[in-house]
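Got a minute to poke around a fold together? Pull up the chain and let's talk it through.

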Amino acid sequence: MRRRPGHVTTGPYAPPVPRESVTLTSADGARIHAEIHGPEHAPAVVLAHGWTCSTAFWAPVVRDLSAHHKVVVYDQRGHGRSPAAVPAGHSTEALADDLVAVLEGTLAADERAVVGGHSMGGMTIMAAAGRPQLRARAAAVLLCSTGSAELPAESRVFPLRSPAGRRRAHRLLLGSRAPLGPVSPLTRSALKYATMGPGSTAEQVEACARIVHACPAGVRARWGHVLAGLELTGGLGALEMPAEVIVGTADRLTPPVHARRMASVLADLRRLTELPGLGHMTPIEDPGAVAGRLRVLVRNHLRAAGADGEGPAAAAPDLPDRASGAGRQTKESTA
């Protein structure tokens, strides 16, 4: 029986065809698959996906941005078309190495980008905070539906009253090697509960389920162990470039407490946006909101010609939050 592809193949959540695909080599020899979309000389956006996902996860955001932006997406090691690493190759340092390899391998010598990360992708940016390559290449960053530490204690997939019990239950979830099996009504329902908001559509749930189920169980478990012991608050504080944080108010995996804590630590926070009723999969649940924040960061901080056909990018007015009273703006850009 032919195996179903690890993503939907039609509709707005199907991955667009890249302009170019490349294989990059990370510091330890790991091979990283990356894709480049959009015009070659347009302002650049580099996107890192989260745990159990792939480049396909960014499909609707790529579609939104790629007419006027160069958009680079890549598969984290062991995900999508990037081969699994040896057990020792699973660490936040390895994630940082891979991001550096992507930046150096897909951007021109003097090219900078807005760098965005969802979930483990946001943690990747934090892990790379001290790398000179990130400081040289990232004009601004977007941390989307992510956290820097204490994930098992703060998660709400299992809403247990006991903090110790909640921590144990989420550690078991993160480290589980249980096969997910084929996508079915039961697994769609479980995925929607754990990772998405109550208003997510059947099409959105199907897109996420196909991606998550395609992640090998061993890869899922090894990276889950890394996430269970995550401590990147120091790296978060070392991010010196302009930064935005975005989170869904119904996120059970990285609840808004993480976003608010990150906002209090970031050296140059420009905005914290809380999207009402959305879960953890914000780039699929509301790709327009995520693409909109990336677009504002490009306009305000990248200073490259050609953004949205407007010529050299001057400081642009901030976009409003998605719903009155729900979005929380901590600091506005005055650049």
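What follows is a short run of questions and answers on this predicted model.

Q: Is Gly197 buried or exposed?
A: Gly197 sits in the loop between helix H7 (185-195) and helix H8 (202-213). Its relative accessible area is just 1%. The cut-off for buried is under 20%, so Gly197 counts as buried.

Q: Which residues is Gly197 in contact with, leaving aside its neighbours within four places in sequence?
A: Let's start with distance along the chain: Thr282 is 85 residues apart from Gly197, yet their C-alpha atoms are separated by 9.0 Å. As for contacts, the list for Gly197 is Lys192, Gly277, Leu278, Gly279 and Glu285.

Q: Which strands pair with S2, and in what sense?
A: Strand S1 (residues 20-25) pairs with S2 over 6 bridges, and Thr25 has Arg31 as its bridge partner there. Strand S4 (residues 70-74) is joined to S2 by 4 bridges, with Ala34 opposite Tyr74. So S2, where 6 of 7 residues are buried, pairs by the two-bridge minimum with S1 and S4, both antiparallel.

Q: Which residue takes a positive phi in the hairpin of S1 and S2?
A: The hairpin has 5 residues between the strands. The phi in question is near 95°, and it belongs to Gly29.

Q: Why can Leu173 be part of a surface patch?
A: Leu173 belongs to helix H6 (residues 163-175). Patch members need over 30% relative accessible area, and Leu173 is partly exposed at 33%. It therefore clears that cut-off and forms a nonpolar patch of about 230 Å² with Phe158 and Leu160.

Technical notes
Residues are numbered from 1 along each chain as its sequence is written. This is a predicted model: local features need pLDDT of at least 70, side-chain atom pairs count only at pLDDT 80 or more; totals for chains, interfaces and linings use all residues. Side-chain values use heavy atoms; hydrogens and water are left out. Patches are made of residues with over 30% relative accessible area and no salt bridge: like charges are joined within 9 Å, nonpolar side chains (Val, Leu, Ile, Met, Phe, Trp, Tyr) within 5 Å. Accessible areas come from the Shrake-Rupley method with a 1.4 Å probe; for residues, only the protein chains shown count as cover. A salt bridge is a side-chain nitrogen of Lys or Arg within 4 Å of a carboxyl oxygen of Asp or Glu. Helices (H or I, at least four residues) and strands (E, at least two) are DSSP runs, numbered from the N terminus. Buried means under 20% relative accessible area, exposed over 50%, partly exposed in between (1.4 Å probe, protein chains only). Contact means heavy atoms within 4.5 Å.
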